[in-house]
Each structure stands twice: as C-alpha cells, then as structure tokens.
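Trainee: Could we walk through this model together, one question at a time? I would like to learn how to reason from a structure.

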Amino acid sequence: MTPAFRLSLLLGLLAPVLPGAEGRPGTLQDGWELVTLYRFNEAEALFRRLADREPSREHRYALAVSLLNRQPKSDRTVAEARRYLTALVKESTAPDEEITLAARFYVARILQLHQSKPDLAAARLAYRELSRTPGGGFWAEVAAVKWATLHVYEVTPWSEKAARLAEAEKELARLTSPTLRKDLQIILADGYEKFGISLPAALHHLEEAWAAGIERGIDQGDFLARMGELARRIGDPAKARGYFTEFLRRFRRDERVYWITQKVADLEQGDRR
Amino acid sequence: MKPPASRSSPAAAFREWRLYLFVLPSLFLVALFAYFPAASAIYHSLFDWQGGEAKQYVAWANFNRAWSDRVLWDSFVTVAFLVGFNLVKMLPSIALAVVIHRLRSERWQYLYRVLLVVPMLVPGLVTLFIWKFYLDPNLGLLNRLLDATGLKAALVGLDRLAGWGVFAEGVPIGWLSQPQLVLPSLFLWGFPWIGAVGVLIYLAGLQAIGTEVYEAAELDGIGPVGKFFYIELPLILTQVRLNLTLLIISTLQGYGLQLLLLGDTGGPGGRGMTPGLWMYNRAFIAGEFGYACAIGLILFGFILALSLVNNRYVRTRR
Amino acid sequence: MKRRPLVWAGLAAFALIYAVATVRVLILSATASPVANAKVTVRFAHFYLEPGLREAYAQIAADYMHLHPGVRVEQIAVPQRIFNAWAKTQLIGGTAPDLVLVDGGQFTLEDLARHFTPLHEWVEAPNPYNSGTDVADLPWRETFIDGLTGSYDSRLLSYYSIPTSLFTNRVFFNRALWREIFGTETPPSDYEDFLAACERIEAWGAARGRPLVPLAGSVYNAPFLIDFLFGTQTQRRQFEVAWSAHLRADLSPSVALLQGRWDFSDPALQAAFRIVRDVGRHIQPGFLQLQRDDANFAFLQGRAVMLASGAHEAASLRAQAEFPLGVFALPVPGTDHPRYGAQIFGPVTEANIRPAGAFGLTRTSREPVQAVDFLRYLTSQATAARFAALSGWLTAVADAQIPAALDPFRPVTAGYANGFDLSIRRRHPDAKRVADTNLHLLIAAGSDDAAVAAYTAALARDYPPALRLDLENRVANTRRNVMRQDGNLAAYRWMSQAAPDDTVLKRRFNEVAEQIDGNEAENYFIMHELARTAAATQPPARP
C-alpha cells in the first residue's frame, strides 16, 4: 500500500465522523422548542445558523435569548447577547414593536439577573422606562411587575415597606393583562404578609389574584388555605369557612385536610355560639 | 553521498512513524482517564457548577471562598496529624525489613516474605470493614480486649484524674462516636502498621548492601544498632524517601478511610474531616462541584509543595 | 505451515462454546415470554432488589401481558449503586427503557427536561383501569395518596413521574423478648410508657448480666426517632414563624432564625433537645458510628429489643428474624404532657410523606402510550392492592386494599404536619452537618442540663453561619432556575403568538410567567433578609 492510498483510506474512514459543513437544518419553531427543553447550546447553534443565513430581527432576537443561557455561561456570552439586543433596539423605528420591547426587557433582565454582578439600580430604571412606553403591551406590563418586585424587595428597613408596597400598588392601574395583574397582586399580598404590614391588604390582593385565576393547580391549594387562614385571623369567619370548604372539596389528599376540617368545625361552632 | 541520519534524529523518527502507532492506544487511555479528568477539574474550578450541564464562569470566586473556609483549613490540621501518625507508622515496616534481612537462613527469609504478601490478597475495603468492626463499641475486639485485660478500668481511673470525660464505668467506649477519640482511632487503625509493600521495598534496598560493608563494620566494632544507623538506614534512604512521598500524597488525598469509618461529615465534631473528605462532601452532599474542584486544586498545590520539599531535603548519600 | 494440534483444539472449543451460547440464547428468547411475537415491548427499569419486589413487578407485568396480547413488558433490575451511571448512559445513548425509576434524586433538572416526558395531560384524565370503582371519575393524579404533588416539578411545571409505593416509619420490636420482659406483647401506648419500657428493658438486662439495649441505632435509624421527636416540639413554633398563612410546613424556620424569631434558647428548641436526649440515651451506645446493617444485626441477634426503620424493611426483617416481629407507631407526647405538651399541636400526619417507586416516561420511548397505559394499570386500585399483597410494600395509591400484615404501616393522615428538625426538612445540608457533628454533646453521659447546655452553645456558635451558607446556595439555585426560565418565557411567548388558538401553549406561557414572578419574589425576600440580618437589624414586632 502506498502512503497516498493509506492516507485516503484513513480519511475515508474518518469522513462519517468529521463535522459536517452544515448542521441539522431547523426553523425558529425548532429552536424555541429546544429552548423549552433546556437545550440552549443546540438552540443557539440553530439560531446562529438561521441568523447567518438571514439576519432578520426575529433570528437575532432568538439568538440573543438563547445566548443568555448558553453553557458554559459567562459574562462574555451575556455581553454578546446584550450587543444583539441593544442593536435590535437601536435600529428599531417602532418603539412599540414586539421585538424592540422584548429586547429592552431582556437587556433589563441582563442587568438584573444574567450578568455575574447584577446592577439592580440600573435594572429598576430600565424596567421603569419600559413600563412607561406607550403601546408597550405585554413587555411593558411585565416590566412593571419586575420593577415592583425590585422596588418592594430593595434592602431597606421594614419600616419603609408599607410605603414601597403602596408605590408598587400604583402599577396595578397600568396592567391590562389579567395574568400580570394577578402576578403583581401575589407579590403585593406576599409583601403585606411577609413584612407584617397588613393582613387585610394581603387577603384583598390574594382574592383579586384568585379571581383572575391561578394557573398552577398545585398552588391553588395554597391559595385557598391561605385566604381562609387570613380571613380567620382578621375575623371574617364566613369568608374563612367558604375558602376552607372549597379547599376541602378540591384537595382531598392534601396534608392540611385534617387541620382545615378542624378549623371549619371551630368556625361553625363559633357561629353557633 | 549523504551521511546516514543518526538513530535519534527527527528524520529517523519520522521514518519509523509506524512504531508510534503502537504507543498511541496507551497514550490515548492515559490521556482520557488520567489527564482529561485533571484538566476538567482545573477547568471546572473556575465555574459555579452543580454537576449538570449548566455552569457559570466565576473566575477566582471558588478560590476566594476557600481562603476563608474554616472547615477546609481545620481539615489540613487534621491531615497534618494523620501525616505525623503515618510517619510513626513507617517505623515498624523498616524495623521488620531489617529483622528479615538479618536472618541468616534464606529459607526463613523467603517464608516471612510470603507471609507478608499473603494478606495482600484481602481487598483494602475488607480490611477497613474489619477495623470498623474492631472499633464497634458493643461487639468490637478492642473494647473486649480492654475489658478483659482490665485496661478499661485503668482508663476510667485515668479519666477521673485527668477529667477528660471520655471513659466511663459501664459505658462502652465509642471510638468513632466521641470526638476526642476520633484521631486516636485513626492512629490505631492498621495496627501493627506493617505494610507488605513497604517492607518488600526496604528489603530490596537492604539486600543491595554488600556483605563486605557489614564485615568492615564488624571489624570496626560496630554493634547491631550501630549497623542500622550507620549502614542500613543511610543506604535505604532512597526507598524511605519514595515511601515518604507516596505516604504524604496518599494521606493528603485520601478520604476513603474517613468516609467509611466516620461518614461524610467527618464524624463527631467533624474531627475526622480531611481535605479530601471535605472535597467529597462539597461535591456529593452539597452539590457544589465547582467549589470541590477548587479544593482539589488547592490540595494538589499542597501535595506538590510537600513533594518538592521532600525531594530537596530528604537527601540520600551513598 | 503445519498447524499444531493445540491450535485446532482451541478453535474447536471456541466454535463449540459459541454454538452452545447461540442455541441457548435462541431457546431463551423463544420461550422467555408468553408473547414471543409481541408487536409492542414496554421496558421498565428500577433498582429495588429487596425480596418480593421484583417478583411482584414480574407478576403484575405478566397479568398485564395477558390482558393485552401482543404487548410484552420487560423488567430491568439494576443494583442501586450503579443505577445512576447506568441510567444516564442509557438516556444519553438513546437506548433507555420506556420507564425509568426517578426516585433516587439522581437526575438533575437538565436530565429531567431533556430525557423525560411531562405527564400533565395524562394525569388529568381518569384512569380507565379504575372503572367500576369509587374513583372511576377522578383524575388519575387524585387517586394517589398525595394527589401526585410529590411528582410535580415546580421548575419544569409538570408531573414527571408516577409513584407506586410509600414508606412510612415504624418501630419494629421483638415480640418474644418483649413477652419475656413485660409478660405481654402489647407495645407502649404513649410516650411515657415508651420511656418506661426502655428503662425497664435496661434494668432487666442488667439484672441478668445480659447486654441488652432498648433501641438498636445507627446513623441511618436514629433519625427516624430523633428527627421525628424533635419535630413534635417545633410543631407549634413552625407555624408561629411561618412567613405565609398557607398552613403548610415550609422553609420559613430557616429565615426566621436569621430574623431572630427563634434561637436555641427558645423553649421549643430546649424542649426538642431534651426529648432527643430522653430517647437518645436508650439507643445503643456509639450509634453515631454505626451503619444500618449494624443496627439490623443488633436487633436480629436479640441484643436490641426495638428497631426504628421504614416499612420497606419489614419484608427483609421478617425473612431474617428468628423471633416473631411486632410493629408499632412511635408514640408522641400528647398536648397534656407536663413537659412537652405545650409545644405540640397534635398528632402528626403522614399525609405529607412523599411516595416512592416513581417511574418517569423517557422521551426516547417508542411506545409512550403503551408505557403510560402500563403505569395506569400498575397504579389502578385493584392492581395496587395486588402489588401490596405480592411485594409486602405499601402502595402509593390511595384507598387501595392492603393485606392485614401491612396495616400497621398504613399512613396515618389524621394529624398536623410535624415541625422542623435542624436540617429544616433536609434541604439544608450544611446546617444538618453542624447539627449531626455536635449531636454527641447532646447524648453524652452526665447531667441532662449540662448536655443540653453544651449542645445549645455549640449550635448557637456554628449553626447560623452554616444556615446562611445553605440559604445563599438556595438563592443561587433559584436564581439559576429563573435564568433558565427566562428562555422559556420568550419561547412560549413566541410560540403562543405563532399559534394564537393553541390554548395549551397559552396556558404554559401563563404558568411560566407566574412561576418566574413567584420564585423571584420569594428569592428576593430571602436575599433581603440575608442582607438585612447580616447588618443585624431587627424586624419590628408583628401586628
């Protein structure tokens, strides 16, 4: 065997395992599905191929979002994502366009969460500005919720929390999405309760959130138990009984069934006295 | 006419390229199973990593954290004790090697060598389990021996005088369940501390000493103890140094003994916590794999430093 | 070249062995299954090698195959020690069985997301194998003892496994020895009786020169007693310091410690230390250095009268014990107990025990519908009862009939959640390490007051920093999850806009948004308190 023949044979054997010039073809839908499966690296590769072929705003936005969780995660990859997002915002002529708004949101998320040293003050400002964008739609409203969260949970003495919650509560007026209103109301309820400010206010917000509909079934039990208990503590036995009864009807297997059954009995006994 | 290429020239090597193919599989395996894991540990020590796919680059954060990790530095103190114990435990092997070497009958020498090697068939893990059983407070051989010989009573008496609060009448001694006894138990483990491999290595070194050296020593009136200090010990110092290096490395790295005997927390009071065991704890109990890799690198640094010190200062003279 | 006869002999031997092996494999594969020409094969893998369990699964698989001709069900039992490595290799290689046990905590979030199929759509529908029963119309998830809440992954927003079993904790006792000591086989009915029994056993043994301990113990068994009793004393405090009124036992106590709302001089904690000391004194000496087998050994050899363990041990203990085995639930002090009653809410519920034997459906399964159908069959009322009878293990299916021998292990649901122990529901490994490595102080010989004081001092010094580290790790983990969910938010937003009529996508999108906001808020609260208490600021009194 001549050396040339040997070399060709070697290359022939290796050919199937050498990386191809092009990876698996895919669509935006495929890429986003990979993101939902936490396969960020594959999603990033797919979006990058799409963006290289056609650098549309959708492709670049998708690439930027996948870069945020590309492994291994580093400030370098996050900075690259930020560059894409910032470019999308700068080149936009319509401030209320979906991708412009989403890009602004994710820049704020980078400041808040994805960079190794979060800049919460800058994130709060970015959310505030986004939430005030006319025609901001979903992204403006979710920014309002994020702003409220950061505002309430900025590290301050507890004595300042009542005022902070009151300021956060004003954002409710801006929210048109029932889902986001509900999320903000849960945050407010948590704040009023955790910081020991007002149980009636906590209950009120929980009830509003409940009316909007809690998506995760597993949390609905917590909601009913919590509303019932808060109502009991603030002295509204009828309301408490109502929530507890609903809990017992829907969550027969829950660990709290015995206790809540007793509470209902105690409430009924209290009524009869 | 071109002069022939020297046997060791690059040209000659290139001509014999087929020979290198024989080395490749072994090289590949060594690279994959020895060097790749080490490289991976270095890489991951720079990440916040929980062992899955997700990881975030944090540069030196893991090392900064290790700097103020009290448990880690306390574990080095523990391992310093263990190294000291193991230095003492080297002596019986050296003594036995000398004794076997001085036997006049070669048949007896051979028999003792065989007797030394036979226990090596028992897996190390089994030996550890046997020792765990010896140290059992209720059934263990050690407590029964102390009770039968009256030594337990002596210990109780001594405890009353010294106020240790460790030995009490009618209470089985918890060798691994009382913090004050953890290090003594780790010292006791392996008694009488005769390692077959060590003895054989020293014996090989001793057997290289020529009989004329002994004859000259006898002429000079040097007795048996003198022969040991002036002839035998200096001439087996190479082997001693090798064993010392291996011992230090294995003691610093080791955690299997502590894990089996004391659990992943290092036992009561964490007294048995070693750097290797802390690395295990961080990785597999706390899920902090990146931090565990950083601990591994710090440990590597220590081992390297000690090995260099050992090589430099434990000189051999011929 | 003339070949040596030995070479020919070797070749002949090789050919013979190969032929025998081939014929054997062909015969085995032809006769192994009653459905040799099965069109569909469902494989399930687990690591339960305890006696009775494999046989139970095999019998149920055989019953299913008779019900469904053309379907073959294959069980793969792998030792637990290597199960993790084996399963991951199979999953990555795409050759995993259809159903894989996800019990052992061996799978990370990425593993679950990548390799397992969410089951939320299946669990909302009734189980067809329950038709004709009281639960025929209930969603499948409602037929489990915990409503399937233990199988719900709150990060991935779905159910990822279906459990088949449940382990409750009980005290096993040697009935023969008990009768010899007490003249009766009746176990203790209350806490004081239990303590008195322990003392009586010790006295009886000492009088006869027989080394006898009341309770066999080890680092595995002792927590069944110690952590349980500890929790009875923090039962009330747990809800007093809870940051939410949802009445569920959660991780509030850990933040509450930082906030100064409890500490180790708290009456509840002091009572908890004393109750642990009460019982710890009667556990076999040196139990901190002993393993599960040591405790079992001591019990089976008659050196210990009682052994606290899980229901899963019952079958193997029965098989090995040369004496009749009794079982009872550990009695706890009542609310009227003079020393411990003040801290107790009431009886402890077992309704929050997380079921086990949970199988996940792999994404590479070629027969996902059939695999889920097999799971439905396995967890139907009738089959669950059969499983319990065959295996001697409790079933995770609610209200399924269990054999009389398992009655003592039936979970007691009438009660309140137990309080927290120092691992805070086993979610704080560093705090647990500190508590465990100082436990020897609490059970040391000497006066009770001195022991409790020594333990209190050690925890007051070492526990808070360890707890802070655990909380910081928890915050970091939640932050990582939220970062990953950011991608989901964008993905579901895009997909639901691309398919505006798809209500499932819309619902997933809303779930993701709700989850991110909820997790972030809770995380920020913990971070807030970590930061604030680092500066030692105290919260104002609650209204």
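Trainee: What span should helix H11 (residues 199-212) of chain A have at 1.5 Å a residue?
Mentor: Keep in mind that this is a predicted model. The expected span is 1.5 Å times one less than the number of residues, and H11(A) has 14 residues. Its end C-alpha atoms lie 20 Å apart, which agrees with the expected span of 20 Å.

Trainee: Which residues of H11(A) are buried?
Mentor: A residue is called buried if 20 or more other C-beta atoms lie within 10 Å of its own. In H11(A), that description fits Leu199(A), Ala202(A), Leu203(A), His205(A), Leu206(A) and Ala209(A).

Trainee: How wide an arc do they cover around the axis of H11(A)?
Mentor: Start with the general pattern: an α-helix has 3.6 residues a turn, so residues three or four places apart point the same way. Here the buried residues sit on the same side of H11(A), because they cover an arc of only 165°.

Trainee: Which helices do the buried residues of H11(A) pack against?
Mentor: Both partners belong to chain A. The buried residues of H11(A) pack against helix H10 (178-194) and helix H12 (217-233).

Trainee: Which residue follows H11(A)?
Mentor: Look at the backbone just past the helix. The phi there is positive, near 105°, and the residue is Gly213(A).

Trainee: How many residues of helix H8 (residues 151-162) of chain B are buried?
Mentor: H8(B) reaches 16 Å from its first C-alpha to its last, close to the 16 Å expected for its 12 residues. Just after H8(B) comes Gly163(B), with a positive phi of about 70°. H8(B) is hardly covered, and its count of buried residues is 1.

Trainee: Is chain B a compact globule or more spread out?
Mentor: Chain B has 16 helices and 2 strands. Its radius of gyration is 25 Å, well over the 20 Å that the globule rule gives for 318 residues, so chain B is more spread out than a compact globule.

Trainee: What share of the residues in chain B is buried?
Mentor: For a sense of scale, the C-alpha atoms of chain B fill a box of roughly 95 × 70 × 35 Å along the principal axes. Among its contacts between residues at least 6 apart in sequence, 65% join residues at least 24 apart. Of the 318 residues in chain B, the buried share is 31%.

Trainee: Where is the cis peptide bond that ends at Pro72(A)?
Mentor: Pro72(A) lies in the loop between helix H4 (57-68) and helix H5 (75-90) of chain A. Omega is about -10°, and the cis bond joins Gln71(A) and Pro72(A).

Trainee: Which residue is joined to Pro192(B) by a cis peptide bond?
Mentor: Pro192(B) is in the loop between helix H9 (179-188) and helix H10 (196-207) of chain B. Omega is near 5° for this bond, and the residue before the proline is Phe191(B).

Trainee: Is Ala59(B) buried or exposed?
Mentor: Ala59(B) is in the loop between strand S2 (55-57) and helix H3 (61-67) of chain B. Its phi is near 55°, a positive value in a residue other than glycine. A residue counts as exposed with 12 or fewer other C-beta atoms within 10 Å. Ala59(B) has 12, so it is exposed.

Trainee: Is Leu157(C) buried or exposed?
Mentor: Leu157(C) is found in the loop between strand S4 (152-153) and strand S5 (158-159) of chain C. Its phi is positive, about 60°, although it is not a glycine. With 20 other C-beta atoms within 10 Å, Leu157(C) is buried.

Trainee: Which helix gives the most to the side of chain C that touches chain A?
Mentor: The contact takes 57 residues from chain C and 49 residues from chain A. On the side of chain C, helix H4 (109-115), helix H18 (448-498) and helix H19 (503-534) each give two or more residues. With 15 residues, the one that gives the most is H19(C).

Trainee: How far apart are the centres of domain 1 and domain 2 of chain C?
Mentor: The domain assignment gives domain 1 (33-166 + 354-404) and domain 2 (169-349), along with domain 3 (427-538). Taken over C-alpha atoms, the centres of domain 1 and domain 2 of chain C are separated by 33 Å.

Technical notes. Residues are numbered from 1 along each chain as its sequence is written. Chains are lettered from A and ligands numbered from 1 in the order in which they are written. This is a predicted model: local features need pLDDT of at least 70, side-chain atom pairs count only at pLDDT 80 or more; totals for chains, interfaces and linings use all residues. Helices (H or I, at least four residues) and strands (E, at least two) are DSSP runs, numbered from the N terminus. Two residues are in contact if their C-beta atoms, placed from the backbone, lie within 7 Å. The radius of gyration is taken over C-alpha atoms; the globule rule is 2.2 Å times the number of residues to the power 0.38. The arc is that of the directions from the helix axis to the C-beta atoms. Domain bounds come from an automatic or database domain assignment.
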